[in-house]
Amino acid sequence: MEHFGRFVKIIRWLFLILFFSAINNIDSSTNRVILSCGNQNRTNNGSQIVWQRFGKNLTSNNNFTFNQNKLNIFPCKHLAGNYSCYIRDENGTITYEQNFQVFIKFQSDPEQVKNVTLYIGESTKTLTFKLTSYPEITNITWLHGNDSIISGEAFESILNGFHYESTATLKLSNINETTDLGEYSIRYFFDGKQFERPAANLIKGGCAPLRWHCLPNNECLYSSLRCNNMKNCPDLSDEVNCTSFGHITIGNISHVNFTHLMIYYSFDDAFDHFERNYTILVKVRENEELLVSLTTHQYQDENNFLLVDNISNATTYNITMQATSITGEFGPLVSKLFSVPLAELPKVPPLKSVSHSNYNSIIIQLEKYPRDLDYTTTFSLYQNGSKVIDDVTIHSIPTKSEFPIGRLGDGKLENDLMYTIVIKSNSVVGGSLIPLMINYTIPRMVAPGPVQSISIVNVRSSFSEIRLRVNYTRPLDDGGTKSFKGKLTICVINDQDKQTNCETHDIVLKGMTGEFGFRDLKEETKYSFEVYLLSETSQIGKKKTVFFTTPKFSESGSSGGLDAGAIAGIVIACLAGVFICSCAFYTTFKARKSPSNNMQMNNNPKNRKAESQGALEEL
């Protein structure tokens, strides 16, 4: 009974909590709200009332006061939200609960009217008006003076908790600076009443931020185009009152091939004004004599270089540089001396290697040239004092560290002959005093090795096809030829054992063997196959001949006997038959030897009678 009483008590409290948990929506149009938590009788006998807003306990202050079971909210313009009250008895148990949603009728104070600037070059603009209220505003109308605007309107209202956030936008296009500038207001309805508030003031402005106004053509330029030493505005006003000027520093100077100067220079303030474009005056003097005077335009990068030509070796030069602006200002004059060293006359490098290619060309390679000078190398080829080909000239750039290579003959030279090669070198400072002369004999091209063997590797009578495999020996020195050409002659051998109806075919052998196929041969006919090789100079190698008699070709594609497929089929069929017979014999033998079968036969009366009759017959 004690447990049953506790259960009834719990059910009663749950019923009370659920019954009084209904949310009361309170919509206030005044500046004061009074909430009541049940009736006054519930707070007797030591009970306690707790008020909360958004789950946090409330205390008495300038906004909240308590009077028995009532909560006074004042002023309540910004105090909308979820409220709740709890009544606890003397044991701390909640005996009553009630929830409230308080909506305060209000609209936010007018915002300060903002100026919207129409910059030079703009023809469209968007005006925006925002308002916070409860309930939401309706019937939005934009006004310009006394005229209402309908086109280009947009309105959005979003409920955010206990108030609405309304946004009205107006997009203006093809703006006329005479009629469309000025104040814009907005008209709307709230709580059944009409209101009108200023929204924006469209004014005429100059250039947009980060732009600069070019007055002659009333154009707005990017700020980066100002003070870049370039004429971006017709009156050069974009280059007036520029505080800094590029200072040049001459860096490393070197010569190129003893004929050019490579001058590197930089600006001290390159990082601050990297987009500036200065005019640079460059002068090169030798013993106070002006040799070069030029003007170049360079962006103010970190590293620039200038190439000056028409200089001489073993000479000292004075290089001066000065930057000038487009408005006629000059930077400091800087100078630097540089001496071009004496260039030695070129010498032909020593011979590195000489060889032939396919017995008809000569390849000659020299050692590397000295650095710091470009060379021109000329190869001349003679045979018995007469020039046999046109000179071959190559240009060597020593900075690439390459070995000069001359390829002579272009496949037109003969083997087993001696040639004289004359090599000369030239540079900008003169030619070589002593040419290099080399005698070289292209070795005699060895005839191709003999054909070692010819074998019949396959006979496919169904296609009347014979394939031959040919083995051959390469010569000891064949110039690295990747393949050999040759001839293959096929003849029919008649009854008098003579060759008739001969046909000759061109063949190419690669590697150490070759294989060829022939079709549409006659059946039961004796043929001869003769093979020999040819060198690049048409030297004939030793011939090799083989004889072969073709089999008889049947209509079904058989050569008169069983082919491998037929024989394999017969063997498989025989094996299958032997396997089946063996299985049958084994099954019969096992049945006869089985004791259970013998017992069954003896127990059968018919079997016993037959056995008795057999015994009598024996007696």
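Here is a short chat about one pocket and one sheet in a predicted model.

Tutor: Quick ground rules: residues count from 1 along each chain as its sequence is written, and side-chain values use heavy atoms, with hydrogens and water left out. Local features need pLDDT of at least 70, side-chain atom pairs count only at pLDDT 80 or more, and totals for chains, interfaces and linings use all residues.

Student: What makes a residue part of the lining of the largest pocket?

Tutor: A pocket is an open set of points on a 1 Å grid over the protein atoms alone, where a 1.4 Å probe fits, with protein on both sides within 12 Å along at least five of seven lines; a lining residue has an atom within 4 Å of a point. The largest pocket has a volume of about 250 Å³, meaning the space filled by probe spheres set on the points, which are joined across faces, edges and corners. Its lining has 18 residues, and Glu111, Lys114, Thr128, Phe129 and Ala199 are the closest to the centre.

Student: Which strand gives the most to that lining?

Tutor: Strand 11, with 6 residues. A strand here is a DSSP run of E, at least two residues, numbered from the N terminus.

Student: Why are strands 20 and 24 said to stand at the edges?

Tutor: Two strands pair if DSSP finds at least two bridges between them. The open sheet runs 20-21-24, with antiparallel pairing. Strand 20 (248-256) and strand 24 (304-308) each have a single partner strand, so one side of each is left without a neighbour in the sheet.

Student: How do you know that strand 20 pairs with strand 21?

Tutor: 7 bridges join them, and pairing asks for at least two, so they count as a pair. Ser254 stands opposite Met262 in strand 21.

Definitions and conventions: Helices (H or I, at least four residues) and strands (E, at least two) are DSSP runs, numbered from the N terminus.
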